[in-house]
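Here are my notes for your first look at this model. Keep the structure open and follow the points in order.

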Amino acid sequence: MKKVAFYTLGCKMNFHETAFIEEAFRKAGYTIVSFNDVADIYVINTCTVTVSADAKSRKAIRKAKNRNPEATVVVTGCYSEVYPEAVARMKEVDIVTGNVEKFNLIGIVERGEKGVFVRGVWNVNKFQPLMNLDYGRKSRAFLKIQQGCESFCSYCIIPKARGRMLSERPEKVIDHVKMLTDAGYSEIVLTGTHLGAYGRELGDVTLADLLEKLVQIPGDFWIRLSSIEPQEFSDKLLEVLTGSDKVAPHFHIPLQSGSDRILEKMGRKYTTSYYGALIEKLVNLKRDVCIGTDVMVGFPGETEEDFQNMKKFIEDLPFGYLHVFSYSPREGTKAALMKNDVPPVEKKRRSKELIALSEEKSLQFRKSFVGKKLRAVSLNRSDKNVVLTGNYIQIEVDRRPFSKFVDVVLEDVGRKREDNIGVIA
């Protein structure tokens with residue numbers, strides 16, 4: 001049997017898609033091996049959200065070919081979707097596909113074809129479901145319910161990488177969640193490129209409507225959501241998210257900037273006062289909630305005053321963690337044409353300051369739960385007894401969990417987000 005290895009960069013959607021492609025290769029008789037092993041085929045599922053992501057993708061491509069010069073190296077995902085010619089120019093690359101063709105990789109590989117196969121995501125008008133029942137004995141499953149983004153924020157290349165907004169019909173989502181819970185999964189993570197826009201093009205359903213039906217499904221399980229834009233938290237969505245124990249109390253809500261002037265230049269559709277009020281409302285409705293966010297430093301024209309205002313704004317909000325990014329121009333976006341770029345040394349300093357702030361916010365958030373009993377799901381790791389709480393605290397426990405869900409008492413926390421110790425109650 002031929003051996004195939006995978007390497008994935010970027011978002012949860014990419015990892016979900018890789019799991020789906022892996023399963024397709026496995027069913028076709030291929031052996032899945034580690035990316036660090038010698039394989040006949042290497043598949044690199046790329047990201048292009050930043051210049052750094054492009055560089056990491058190129059590094060993985062070279063690493064694969066160096067490990068086995070005779071292997072077929074397949075590059076797929078967002079980097080190859082947006083910049084296929086640049087990827088194809090790399091001498092290590094044999095096959096280039098985009099985000100449409102990635103689901104037909106076996107056919108391309110087995111026909112022995114080489115070259116560029118990128119039809120373009122904006123030519124797709126049909127939702128691509130990714131139903132996978134095998135996550136390697138893990139307790140958490142991912143379910144894609146939406147794809148594409150049409151927001152066109154001035155800095156973001158993702159609409160060009162993921163295409164128009166398309167959603168799975170709610171009845172199919174409900175069926176898939178039932179299948180996953182029947183298969184024994186304790187947690188289903190709903191994913192999408194623009195998850196909060198679920199159902200918008202369908203016209204007769206919203207994310208709130210869908211969740212209202214999902215939490216009525218019998219069984220003991222959690223629904224966890226990936227990122228949701230702040231302006232999409234309707235009153236009904238807030239009610240469903242905070243009113244059911246089947247929704248994990250963990251929400252990732254991108255901020256991007258703490259300056260209203262910069263938010264407007266970014267093309268974001270909210271103000272800092274709106275964002276702050278939303279976070280306050282969520283915390284009041286769900287006291288144990290974990291709120292994470294994305295923040296960007298060094299957007300064109302961002303002054304030191306803008307940065308300090310953002311830092312103060314973040315300090316005053318109860319975040320559990322931050323994902324910090326430095327702005328990098330993406331060819332084909334409005335921001336790439338903007339003047340007054342922030343010097344790299346300033347971007348690095350500002351990023352370093354916010355990362356330090358993130359570590360402090362995370363530490364204080366986790367400390368607030370020391371000595372408290374928290375509900376958690378086992379992560380089924382082979383090397384450690386680790387659980388994940390509803391509010392996104394990873395805890396190493398004293399013994400292997402005996403059921404899908406356990407109550408855990410958090411005893412101690414470390415500086416790193418994953419360095420937490422607890423006991424099963």
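1. A nonpolar core is a set of buried Ala, Val, Leu, Ile, Met, Phe, Trp, Tyr and Cys residues joined through side-chain atoms within 4.5 Å. Buried means under 20% relative accessible area, with a 1.4 Å probe and protein chains only. The largest such core here has 61 residues. Leu211 and Leu214 have the most contacts inside it.

2. A word on the source. This is a predicted model: local features need pLDDT of at least 70, side-chain atom pairs count only at pLDDT 80 or more, and totals for chains, interfaces and linings use all residues. Residues are numbered from 1 along each chain as its sequence is written, and side-chain values use heavy atoms, with hydrogens and water left out.

3. Which residues does Leu214 touch, leaving aside its neighbours within four places in sequence? Val173, Ile174, Val177, Leu190, Phe221 and Ile223 are in contact with Leu214. Contact means heavy atoms within 4.5 Å. Apart from the largest core lies another core, of 26 residues. Ala5, Tyr42, Cys78 and Ile157 are among them.

4. Now the strands. Helices (H or I, at least four residues) and strands (E, at least two) are DSSP runs, numbered from the N terminus. Two strands pair if DSSP finds at least two bridges between them. One open sheet has six strands, in the order β2-β1-β3-β4-β5-β6, with parallel pairing. β2 (31-33) and β6 (115-117) each have a single partner strand, so one side of each is left without a neighbour in the sheet.

5. Look inside that sheet. β3 (residues 41-46) and β4 (residues 72-77) pair over six bridges, in the parallel sense. Ile44 stands opposite Val75 in β4.

6. Two helices lie across these strands. α1 (residues 12-27) crosses β1 (3-8), β2 and β3, at about 175 degrees to β1. α2 (residues 51-67) lies across β1, β3 and β4, at about 175 degrees to β3. Axes are lines fitted to C-alpha atoms, for helices over the stretch in contact, and angles run from 0 to 180 degrees between N-to-C directions.

7. Another open sheet has three strands, ordered β11-β12-β13, with parallel pairing. β12 (residues 290-297) and β13 share six bridges. Val297 has Ser326 of β13 as its bridge partner.

8. Finally, antiparallel pairs. β17 (residues 405-413) is joined to β14 (residues 373-378) by five bridges. Five bridges also join β17 to β18 (residues 420-424). Val409 stands opposite Val423 in β18. A hairpin connects β17 to β18 through six residues.

Definitions and conventions: Buried means under 20% relative accessible area, exposed over 50%, partly exposed in between (1.4 Å probe, protein chains only).
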